[in-house]
Number of protein chains: 2
Amino acid sequence: MFTALFAAPAPQTPAAGQGLPSGRPLRVVVLGGGFGGVYAAKRLTEEAAARRVAVEVHVVNRENYMAFQPMLPEVISGSVGVADTVSPIRRVVPRAVLHMREVESVDLAHNRVTCSPGYRPKSLILEYDHLVISLGSVTDFRGMTGMAEHARPVKTLGDALALRNHVIHILEEADTEPEVEVRRKMLTFIVAGGGFSGVEVIAELHEFVRRALGSYRRISTGDCRFILIHSGDIILPEVDHELAQYAQSLLAKRGVEIMLNQRLKAAAADYAILADGTRIPTKTLVATVPSHPNPVVDALDLPKERGRILVDPTMRVKERTNVWAVGDCALVPVAGWTETAPKYAPPTAQHAIREAALCADNILAAAAGRELAAFEFAGLGSLAALGRRRGIAQFMNLKLSGLIAWSMWRTVYLMKLPGIDRKIRVGTAWFLNLFLPPDIVQLRVGKSSGVSQAHFEPGQNVFEEGDLGDRVYIIIKGTAEVVRSTNGSGEQRLATLGSGQYFGEMALLNRAPRNATVRCVEGLDLLSIEKGDFNALITHLGEMRESFERTATSRGRTQ
Amino acid sequence: MFTALFAAPAPQTPAAGQGLPSGRPLRVVVLGGGFGGVYAAKRLTEEAAARRVAVEVHVVNRENYMAFQPMLPEVISGSVGVADTVSPIRRVVPRAVLHMREVESVDLAHNRVTCSPGYRPKSLILEYDHLVISLGSVTDFRGMTGMAEHARPVKTLGDALALRNHVIHILEEADTEPEVEVRRKMLTFIVAGGGFSGVEVIAELHEFVRRALGSYRRISTGDCRFILIHSGDIILPEVDHELAQYAQSLLAKRGVEIMLNQRLKAAAADYAILADGTRIPTKTLVATVPSHPNPVVDALDLPKERGRILVDPTMRVKERTNVWAVGDCALVPVAGWTETAPKYAPPTAQHAIREAALCADNILAAAAGRELAAFEFAGLGSLAALGRRRGIAQFMNLKLSGLIAWSMWRTVYLMKLPGIDRKIRVGTAWFLNLFLPPDIVQLRVGKSSGVSQAHFEPGQNVFEEGDLGDRVYIIIKGTAEVVRSTNGSGEQRLATLGSGQYFGEMALLNRAPRNATVRCVEGLDLLSIEKGDFNALITHLGEMRESFERTATSRGRTQ
């Protein structure tokens with residue numbers, strides 16, 4: 001049903017040599033620009049050039065860069081430049097064709113992929129001889145109350161930057177906040193999930209705030225709280241007990257509160273709610289836990305387990321001849337796999353890179369009628385940086401901690417960072433950070449969306465009488481009561497509102513402070529529209545204006 | 001009418017020494033964190049400390065940093081890091097209290113300033129003994145058709161970053177765009193205004209695209225067009241004719257088309273419209289021209305001329321005792337001023353910094369009953385960088401061009417950049433850029449607003465039959481026709497739409513491609529709502545859903 005069924009133009013420098021029997025080059029489409037996708041494309045183009053086989057490789061990715069996940073936490077603290085931890089895909093794989101689009105759907109029966117439109121509102125359709133799926137996983141808070149609205153993921157460069165900006169904003173506000181309780185709430189930083197990612201994030205956050213406080217002279221260290229919530233007995237379940245113990249004591253000694261055998265259950269506008277019901281007031285809740293399959297993978301009719309695509313040890317998807325999967329979205333059997341005790345490669349960068357290379361080789365082998373090779377990689381080990389020149393490292397039977405493990409972390413990841421220019425930039429940034437103060441510039445790029453959602457728990461106020469009105473709210477689910485303080489110290493209930501009703505429009509229509517308090521009675525999910533967007537809509541959309549004005553009139557001066 | 005009339009807490013380290021006769025410290029509120037504001041605060045805190053006078057200085061600024069304007073064009077090309085050209089205000093003036101807020105209004109009668117709310121929806125009210133206004137100027141496209149929607153300013157760091165991201169996006173799209181005409185349109189970059197800012201921006205843009213093309217192998221240099229539009233006979237009216245001539249020839253030789261004696265009149269979704277009616281297809285229109293007074297200054301009842309506040313040579317606002325103005329928002333008489341031939345300081349950084357210092361000294365003098373000093377600064381000269389190690393410089397009677405002027409530009413501005421850490425970071429970045437390729441990472445932070453405006457000229461299509469639907473449009477002004485292609489090559493008109501009517505909802509409600517073309521008949525101003533926001537609104541706002549559904553039904557299958 002799409003009008004624009006055009007293929008991308010052929011590269012100006014087509015791969016020389018032999019293609020398919022028909023004479024045209026073999027066309028491979030790679031979905032996803034993470035480690036798996038980019039390294040598969042890289043190996044494909046390089047091997048094809050070396051063997052003089054005509055292969056055309058297309059990479060589809062939403063961003064034009066590949067994020068180097070291990071260094072994302074460093075973006076939070078600003079110890080490396082914002083763009084230094086990511087590599088432009090077209091620099092890593094200059095011979096592939098990059099499409100900066102989102103994958104919308106895959107038609108496995110007709111060997112084609114539909115991608116989102118770009119500047120022109122036409123879908124892009126790519127046909128393939130072989131398809132490599134490397135779409136990784138996504139953050140998905142569905143099913144966890146209030147998390148989508150109030151918890152922050154740290155999966156992408158955008159996430160890391162947003163978290164950094166948020167923390168700087170918090171420090172700015174807290175510095176001039178006169179009420180101690182509000183200030184303490186602002187300065188409570190919670191990270192849920194004690195795996196690698198969570199541990200590195202809390203370590204970088206703690207380090208950054210500690211160093212930045214030199215410029216926020218009205219905030220004392222004692223006002224700040226750092227909390228790491230972990231579901232197990234000890235953090236870092238991925239590594240040896242001894243190393244995990246070291247990391248845990250180190251963080252605790254620095255003042256990070258570690259809550260073990262505890263889970264995050266829900267989030268609300270002003271606090272985190274734990275499994276046992278504890279509520280911790282906070283403005284910063286980072287959740288590293290939920291990792292879900294990409295919705296495109298979810299929609300594919302391929303054999304899967306726990307949302308990951310089942311491949312055989314050659315990286316080819318079971319029961320398929322020209323579909324392959326690598327990286328976090330694939331379930332790759334490793335040495336020792338048996339029917340009764342299946343064993344799969346863990347979702348790490350080192351595995352993704354090796355899976356990608358093997359997948360590329362096997363695609364070329366399959367096209368040439370050669371025999372396919374099987375995946376054999378046992379993993380090299382694990383590394384984690386804990387901030388302040390401390391880390392842990394585990395290779396086979398070797399266990400290291402402290403300064404030496406931290407140096408190893410920096411050396412290994414600097415070597416792995418693709419591109420000599422990135423290596424130089426990150427190396428320089430690390431060097432400069434030894435003696436320069438941390439950066440505290442809050443970068444705001446564009447305004448954020450005017451329509452968003454919020455969740456409130458019973459008893460919480462959405463806004464209070466006298467507040468400035470900057471948003472209108474529509475109730476998606478739950479009940480709220482509208483109350484106003486009476487002359488004495490009491491309160492008068494003016495109305496109860498439910499699903500589909502809205503409130504908060506009076507202050508915007510009359511440009512006055514809120515003249516009543518709106519409080520959550522039963523768990524409230526709200527859609528909120530920012531002042532500017534609300535005014536634009538109401539000015540130009542007749543029906544909407546009339547409807548709001550009718551309600552406003554009927555409410556009279558009650559809200 | 002505000003409930004939260006709280007003052008900021010006093011600094012933990014109050015200035016020692018003598019304050020007002022009453023014993024409390026002298027309170028100075030500085031509005032604006034540009035050169036004028038920050039340097040006034042810096043001098044005030046430093047002089048007060050040196051003289052042991054108790055002064056409390058508050059700075060109000062929307063951002064927590066001061067942008068170093070002369071280096072903004074370098075952000076476009078990425079030759080310095082994103083945050084390197086801006087300095088955190090609290091690092092430059094550690095002894096002042098920074099409020100990261102917007103100024104909402106000033107009550108001159110009661111000596112108080114109201115600032116926008118922060119995390120808490122309460123206004124912040126600051127009382128002052130002396131007020132320093134340094135709010136600079138703002139970009140304002142009002143009155144220029146289509147400019148607010150489709151032209152890009154380059155005034156703030158956010159503007160520069162947004163332009164950079166846009167250019168990278170253009171290159172990504174153009175690299176895989178099969179239609180030559182669309183590709184050429186995408187690759188036409190227009191800058192309006194041939195003053196310092198416009199010249200530096202076109203030079204950096206040209207340089208960046210030229211260097212980046214190495215990574216976009218399907219784009220040839222010949223596809224790219226760079227156009228500088230200037231209203232005078234020769235660019236750079238600020239400098240000597242000879243130097244301007246040099247700059248103009250240099251840019252022309254590199255391939256920049258310079259359109260002289262020409263003006264930008266309007267902008268539409270796909271082209272720029274010049275004063276003589278010429279239409280140039282483009283996706284990138286940068287306008288450096290319109291500079292308007294800040295709306296807060298506009299609203300103040302103070303003596304003004306051309307929107308700028310009239311001060312006497314001591315920087316004090318005429319007819320006021322405790323209100324001062326410096327920088328671009330002030331009109332400062334300079335040596336040689338006479339009633340009949342008034343002469344004022346130009347709006348440059350070097351003047352703002354000197355005005356600020358004088359203003360600070362005079363505030364302290366006024367408080368101590370000493371005599372005030374008058375402004376005497378003739379200006380040092382001008383510098384402009386033209387990219388590729390070329391520049392121009394003019395000091396008194398000295399005129400320089402080429403490599404030596406460029407070196408001078410770098411040396412002078414590196415020295416002027418506040419903070420040793422910034423100097424080191426920028427110096428390092430410049431050094432690395434001598435041999436590393438330019439960065440082409442497109443950083444997207446947050447999604448942009450879902451409600452925006454667009455302008456179309458008669459004959460332009462808003463969207464075409466078969467396009468993917470990603471927005472709904474509401475007509476603010478103008479007329480549009482809905483047409484559908486008939487079986488032959490003709491077109492059938494289905495409807496004419498006017499002000500207040502909307503279109504484009506069918507594709508969104510039915511998740512299908514657009515089933516008709518909508519074309520502008522009379523100059524169209526549209527409000528457009530992005531798919532996600534539209535769906536959220538329509539799902540939860542009963543009236544809006546009913547209204548859209550009613551219209552959709554009555555339109556049947558006509559759109």
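**Figure 1. Leu310(A) stands opposite Leu331(A), a residue of strand β22(A).** In this predicted model, the close-up is centred on the pairing of strand β20 (residues 308-310) of chain A with β22(A), two strands that run parallel and are joined by two bridges. Both belong to an open sheet of three strands in chain A, which has mixed pairing and follows the order β19-β20-β22. Because β19 (304-305) and β22 (330-331) of chain A each have a single partner strand, they stand at the edges of the sheet, and one side of each is left there without a neighbour.

**Figure 2. Strands β14, β15 and β16 of chain A are linked through two hairpins.** Strand β14 (residues 264-267) of chain A runs antiparallel to strand β15 (residues 271-274) of chain A, and three bridges join the two. Within this pairing Ala266(A) is found opposite Ile273(A) of β15(A), and three residues lie between the two strands of the hairpin. On to the next pairing: β15(A) also pairs with strand β16 (residues 279-281) of chain A, again in the antiparallel sense and over three bridges. Here Ile273(A) has Arg279(A) in β16(A) as its bridge partner. The hairpin made by β15(A) and β16(A) has four residues between its strands, and in its turn Gly277(A) has a positive phi of about 95 degrees.

**Figure 3. Leu364(A) is a partly exposed residue of helix α10 (residues 349-368) of chain A.** Why is Leu364(A) classed as partly exposed? The class follows because 19 other C-beta atoms lie within 10 Å of Leu364(A), whereas a buried residue would need 20 or more. Leaving aside its neighbours within four places in sequence, Leu364(A) is in contact with Glu47(A), Ala48(A) and Val53(A). The view also takes in Leu26(A), which is 338 residues from Leu364(A) in sequence, although the two are 9.1 Å apart in space, C-alpha to C-alpha. In the domain assignment of chain A, domain 1 is made of the segments 26-62, 101-138 and 293-368, domain 2 of 147-289 and 382-433, and domain 3 of 451-555. The C-alpha centres of domain 1 and domain 3 of chain A lie 48 Å apart.

**Figure 4. Ala247(B) is among the members of the largest nonpolar core that touch the most other members.** This core holds 340 residues, and those that touch the most other members are Ile133, Ala247 and Trp324 of chain A together with Ile133, Ala247 and Trp324 of chain B. Helix α10 (residues 349-368) of chain B gives the most to this core, with ten residues. When neighbours within four places in sequence are left aside, the contacts of Ala247(B) are Val199(B), Ile235(B), Leu236(B), Ala384(B), Leu386(B) and Ile392(B).

**Figure 5. Chain A meets chain B through 82 residues of each chain.** On the side of chain A that touches chain B, helix α5 (residues 157-175) of chain A gives the most, with six residues. By class, this side of chain A has 41 nonpolar, 22 polar and 19 charged residues. Chain A is superposed on chain B by a rotation of 180 degrees with 0.0 Å of shift along the axis, at an RMSD of 0.0 Å. That is the relation of a two-fold axis. The same surface serves both copies, in that 100% of the contact residues of chain A recur in chain B.

Terms used
Residues are numbered from 1 along each chain as its sequence is written. Chains are lettered from A and ligands numbered from 1 in the order in which they are written. This is a predicted model: local features need pLDDT of at least 70, side-chain atom pairs count only at pLDDT 80 or more; totals for chains, interfaces and linings use all residues. Copies are superposed by least squares on the C-alpha atoms of residues with pLDDT of at least 70 in both. Two residues are in contact if their C-beta atoms, placed from the backbone, lie within 7 Å. Ala, Val, Leu, Ile, Met, Phe, Trp, Tyr, Cys and Pro count as nonpolar, Asp, Glu, Lys and Arg as charged, and the others, Gly among them, as polar. Two strands pair if DSSP finds at least two bridges between them. A nonpolar core is a set of buried Ala, Val, Leu, Ile, Met, Phe, Trp, Tyr and Cys residues joined through C-beta atoms within 7 Å. A residue is buried if 20 or more other C-beta atoms lie within 10 Å of its own, exposed if 12 or fewer, and partly exposed in between; C-beta atoms are placed from the backbone. Domain bounds come from an automatic or database domain assignment.
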